[in-house]
Amino acid sequence: DGILYSHAGFHSAHWPEADSIEDRLQILKTNWQDALRNLDEKNNALFVCGEARGASVTHHMGRPGGPLWLDWHQEFEDTLPLPQIVGHTRMRKVGRKGRSYCLDCGQAAYGVVTDGMLEVISV
């Protein structure tokens, strides 16, 4: 539906350069598979915690967190060509930045996407 889903969100620093979104997503898939094969590599950009989440000043000062650790409040930006739906940063209500949403409300809300449109349902 033209939406990028991830645990914490993708920062533009981790978004591959390519001519099309499809090519970017293919590169991202390859990068992700490589990162999983090399889990013992402590500085893989896709797995790092950013400064906002307490990253080591020595290794990650100023780097945004990867898609598992990106902080919604301090690091997330709605700058990719696709809107994003993420979680990870727990909040009292659904967060929105531009076209993107953070739905981590402690199991108090969920989203249903139909034809590229998000409907947020509070429980």
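Tryptophan 72 is buried, at 3% relative accessibility, where buried means under 20% relative accessible area, exposed over 50% and partly exposed in between, for a 1.4 Å probe and protein chains only. The model is a predicted one, in which local features need pLDDT of at least 70 and side-chain atom pairs count only at pLDDT 80 or more, while totals for chains, interfaces and linings use all residues. Residues are numbered from 1 along each chain as its sequence is written, and side-chain values use heavy atoms, with hydrogens and water left out.

Aromatic rings make a good place to begin. Searching the whole structure yields two aromatic pairs; rings of Phe, Tyr and Trp (its six-membered ring) pair if their centres lie within 6.5 Å, and planes under 30 degrees apart count as stacked, over 60 as edge-to-face and the rest as tilted. One pair joins tryptophan 32 and phenylalanine 47, and it is edge-to-face because the ring planes stand at 70°, with centres 5.2 Å apart. This pair links distant parts of the chain, 15 residues apart: tryptophan 32 belongs to helix α1 (residues 21-37), and phenylalanine 47 to the loop between α1 and α2 (57-60). Helices (H or I, at least four residues) and strands (E, at least two) are DSSP runs, numbered from the N terminus. Tryptophan 32 has 26% relative accessibility and so counts as partly exposed.

The rings of tryptophan 72 and phenylalanine 76 have centres 4.4 Å apart and planes at 25°, so this pair is stacked. Phenylalanine 76 is buried, at 3% relative accessibility. Tryptophan 72 has a further partner, since the charged end of lysine 97 sits over its ring, 5.3 Å from the centre; the criterion is that NZ of Lys or CZ of Arg is within 6 Å of the ring centre and within 35 degrees of the ring normal.

Turning to the strands, an open sheet of four has the order β1-β2-β4-β3 and mixed pairing, two strands being paired if DSSP finds at least two bridges between them. β1 (4-5) and β3 (95-97) are the edge strands, and each has a single partner, so one side of each lacks a neighbour in the sheet. β1 pairs with strand β2 (residues 84-86) in the parallel sense over two bridges, and leucine 4 faces glutamine 84 of β2.

Serine 6 lies in the loop between β1 and α1 and is buried, at 18% relative accessibility. Its side chain reaches the backbone nitrogen of glycine 9 at 2.8 Å. Beyond neighbours within four places in sequence, serine 6 is in contact (heavy atoms within 4.5 Å) with Pro67, Gln84, Ile85, Val86 and Gly87.

A separate pairing involves strand β5 (residues 109-114) and strand β6 (residues 117-122), which run in the antiparallel sense over six bridges. Here tyrosine 110 stands opposite isoleucine 121 in β6. The hairpin of β5 and β6 has two residues between the strands, and aspartate 115 takes a positive phi near 50° there.

What of the cysteines? The structure holds zero disulfides, a disulfide being a pair of cysteine sulfur atoms within 2.5 Å. Why is cysteine 105 without a bond to cysteine 102? The closest cysteine sulfur to that of cysteine 105 is in cysteine 102, and at 7.0 Å it is too far for a bond. Both residues are buried, cysteine 102 with a relative accessible area of 0% and cysteine 105 with 8%.

Definitions and conventions. Polar contact = N/O pair within 3.5 Å; in protein donor to acceptor, adjacent residues only side chain to side chain.
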